[in-house]
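Colleague: I am new to this model. Please take me through one part of it closely, and then show me how some of its helices pack.

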Amino acid sequence: VFLVSDNAIVGGAVALVLSISCLYGYVQIKADGVRRIVGAASVFVAYWLIGPFVLLHVVGMLAYEIVVRRSLSPVFIASVVLIALLSPVVSHLFVPVRYPEFFYGIHYGRVPGDVAWWLWSADLLLCVMVVLAAMSTYLRPLGAKMNLGLSAVLVVILSLVGVKMVSSVRNDVIERTLMYDKLYVDAEYDKIIAECSKELPTDAFTALVYNNLALAQKCLLLEDMFTFPQIGITGLIPEYEGGYFSQIACAEVLMQIGFVSSAHRLFFEAQESVPAHRKTVRCYKAMARTNIIMGYEESARKYLEALSHTLFYKHWAKETLALLGDEKAIGEHPIYGAIRGRMPRNFDMLFNVDNLTRALGMLCLENPGNIIGIQYLLGYCLIKGDLNSFATFYSSANFKEQPRACQEAAAMIPGHPKATEGAVNRFRQFNLDIQQKKDASYLKRTYGDSYWYYYSMMQALNAQQQNTQKQN
C-alpha cells in the first residue's frame with residue numbers, strides 16, 4: 001500500500017520497519033523483569049524515533065506477554081499504555097506542531113494535516129497479524145490439518161484486504177507520469193516511444209510531452225509527431241499550471257531547447273510546490289545540472305554535496321563534483337556541453353506561451369544548429385495551425401531530408417518552394433475525399449497520421465467552440 005501511494009513519504013515505511021525491529025529485539029530478551037523494564041522504557045524512545053506507529057510495538061509487546069508468555073502483569077500493562085498515551089502529550093511541549101498530528105503522524109504522508117489512512121491501515125493490519133501469530137499457540141491442539149486450513153483462510157482474507165487497499169490507493173495517472181519521467185531521465189527514448197505506440201494514455205498529458213521530447217532527441221519530432229494523437233500546445237510544451245508534474249515536464253522541454261534559466265526556475269518552483277515542503281532529489285539533481293550548464297558552479301556544488309549523502313544519487317553526485325572547475329570537460333560533456341551550446345547568447349526568456357513563437361524564432365536565428373529548438377519551433381507553429389509563421393521559418397531551415405509533417409504542411413501553402421510533388425498530390429486526394437464526404441473512420445484510417453487530418457480536426461473543433469459561444 002505504501003509503495004503505490006503518491007502521497008507516501010519514506011519515513012512511514014521506515015517507521016513500520018523500526019517498529020517491527022523494536023518488537024523483535026524485545027522478544028529476544030529472556031529474563032521477564034529485564035524485558036519488561038526495557039519494554040516500558042523503549043516505548044517513549046521508540047515514539048521519538050518512529051512516531052505514533054509505536055502502536056505496533058505496544059500491541060506486539062502486550063500480545064507476547066499475555067498470549068505467549070501467559071503472564072498478566074497489571075503494572076507492566078498500565079505503564080506501557082500510560083507511556084504510549086503520554087508520549088504525544090510530552091512531545092507537544094517541545095515541538096511546535098499542531099497537537100492532533102502527534103497522534104496520527106507528522107512524517108508519514110506528503111500532505112500536512114491529512115491522516116495517512118492507507119499507511120495506518122497497513123500498521124493496524126500488522127497489529128492484527130502479530131496478535132494472531134501470538135494466538136497460534138492455542139491452535140496447536142486442533143491438529144495440523146485444522147491449523148493449515150485456518151492459515152489458508154487467513155492468507156485469503158489478508159490478500160483480499162490488501163488488494164482492496166492497493167486498488168483504492170493506486171493512482172494510475174501519476175504512476176504512468178512517473179514511469180515516463182523515469183524513462184526520460186534514464187535516456188530510454190526508444191522505450192518511451194514504444195510505450196506510447198502501444199497505447200498513448202489520454203488521461204496523462206505528460207506522456208505525450210515526454211514522447212514528443214523523445215522524438216525530438218532522435219530528430220524524429222517533425223517526422224512522426226502526428227502519428228500520435230496530439231492534444232494541442234499542452235502536449236508539446238505544457239503550460240504553467242503550478243503543479244509538480246506539469247512544471248517538471250515543462251522544465252525538461254525548456255532545458256533541452258536551450259532556455260536553461262527558465263527551466264531552472266520551474267524546477268525550483270516544482271520543488272517548492274511539494275505540499276510537505278520537503279526537498280526532492282529529482283529536483284536537486286535537475287537544478288545541479290542547470291547550474292552546471294549556466295556556469296554557476298558554486299550553486300551546483302551545493303546541490304551535489306547534498307546528493308552525495310543520498311543512497312541512490314551519491315555515485316552520480318561524486319562523479320559530477322569531479323567535473324566542477326574543468327570547463328573543457330563540461331564543454332565536451334554530451335549533456336552539459338550540448339545544452340550549453342543551445343542557450344541564447346543575446347537574450348533570455350521568462351517562460352510565457354504567448355511569446356513562445358518569437359522566442360523560439362530568435363533562439364534558432366542565433367543558432368541554426370540547434371536541431372531540437374528548430375524542431376520545436378516548426379512543431380509549435382504546426383500545432384497552433386500558424387502556417388504563415390511556419391512558411392517563414394521552414395524556408396530558412398536546413399534539413400538533410402525534409403520531414404514528413406513539414407512536407408505535408410508545405411503542400412497546404414500555395415507555391416511553397418519546399419512542397420514535394422508526392423505530398424501535394426496526396427493533399428489533393430485528401431481534399432477530394434473531404435468534399436466527397438467520406439466517413440470519419442475512412443479518413444482516420446487513411447490520413448490519421450498526417451498533418452492535414454490534425455489541421456482539419458482542429459479547424460472543426462474551433463468552429464464548434466465558436467458556435468457554442470454564439471449560442472451562449
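Modeller: Start with the second largest pocket. This is a predicted model, and the volume of that pocket comes to about 480 Å³. Its lining is made of 18 residues. Nearest the centre lie Pro229, Gln230, Tyr453, Tyr454 and Met457. Which helix gives the most to the lining? Helix 25, spanning residues 451-471, does so with 7 residues. By class, the lining of the second largest pocket holds 9 nonpolar, 7 polar and 2 charged residues.

Now turn to the helix pairs. Two packed helices are described by the angle between their axes and the distance between the axes.

Take helix 13 (residues 260-272) and helix 14 (residues 281-294). Their axes come within 9 Å and cross at roughly 160 degrees. Angles over 145 degrees count as roughly antiparallel, so helix 13 is roughly antiparallel to helix 14. The crossing of helix 13 and helix 14 is left-handed. On the helix 13 side, the contact uses Val260, Ser261, His264, Phe267, Phe268, Ala270 and Gln271. Helix 14 brings Arg282, Cys283, Tyr284, Ala286, Met287, Thr290, Asn291, Ile293 and Met294. The residues in this contact of helix 13 with helix 14 are 10 nonpolar, 5 polar and 1 charged.

Next come helix 19 (residues 356-366) and helix 20 (residues 371-384). Here the axes come within 9 Å and cross at roughly 150 degrees. Helix 19 and helix 20 are therefore roughly antiparallel to each other. Helix 19 passes helix 20 with a left-handed crossing. From helix 19, Leu356, Thr357, Leu360, Gly361 and Cys364 take part. They meet Gly373, Ile374, Tyr376, Leu377, Tyr380, Cys381 and Lys384 of helix 20. The contact of helix 19 with helix 20 splits into 8 nonpolar, 3 polar and 1 charged residues.

Last is the pair of helix 8 (residues 172-185) and helix 10 (residues 205-217). Their axes come within 9 Å and cross at roughly 20 degrees. Are these two roughly parallel or roughly antiparallel? Angles under 35 degrees count as roughly parallel, so helix 8 is roughly parallel to helix 10. Helix 8 makes a left-handed crossing with helix 10. Thr177, Tyr180, Asp181 and Tyr184 are the helix 8 residues that meet helix 10. Their partners in helix 10 are Thr206, Ala207, Tyr210, Leu213 and Gln217. The contact of helix 8 with helix 10 counts 5 nonpolar, 3 polar and 1 charged residues.

Terms used. Residues are numbered from 1 along each chain as its sequence is written. This is a predicted model: local features need pLDDT of at least 70, side-chain atom pairs count only at pLDDT 80 or more; totals for chains, interfaces and linings use all residues. Side-chain values use heavy atoms; hydrogens and water are left out. On a 1 Å grid over the protein atoms alone, a cavity is a set of points where a 1.4 Å probe fits but cannot get out, and a pocket is an open set with protein on both sides within 12 Å along at least five of seven lines; lining residues have an atom within 4 Å of a point. Grid points are joined across faces, edges and corners, and a volume is the space filled by probe spheres set on the points. Helices (H or I, at least four residues) and strands (E, at least two) are DSSP runs, numbered from the N terminus. Ala, Val, Leu, Ile, Met, Phe, Trp, Tyr, Cys and Pro count as nonpolar, Asp, Glu, Lys and Arg as charged, and the others, Gly among them, as polar. Axes are lines fitted to C-alpha atoms, for helices over the stretch in contact, and angles run from 0 to 180 degrees between N-to-C directions. Angles under 35 degrees count as roughly parallel, over 145 as roughly antiparallel, 65 to 115 as roughly perpendicular and the rest as oblique. A crossing is left-handed if the near helix is turned anticlockwise from the far one by less than a right angle, and right-handed if clockwise. Contact means heavy atoms within 4.5 Å.
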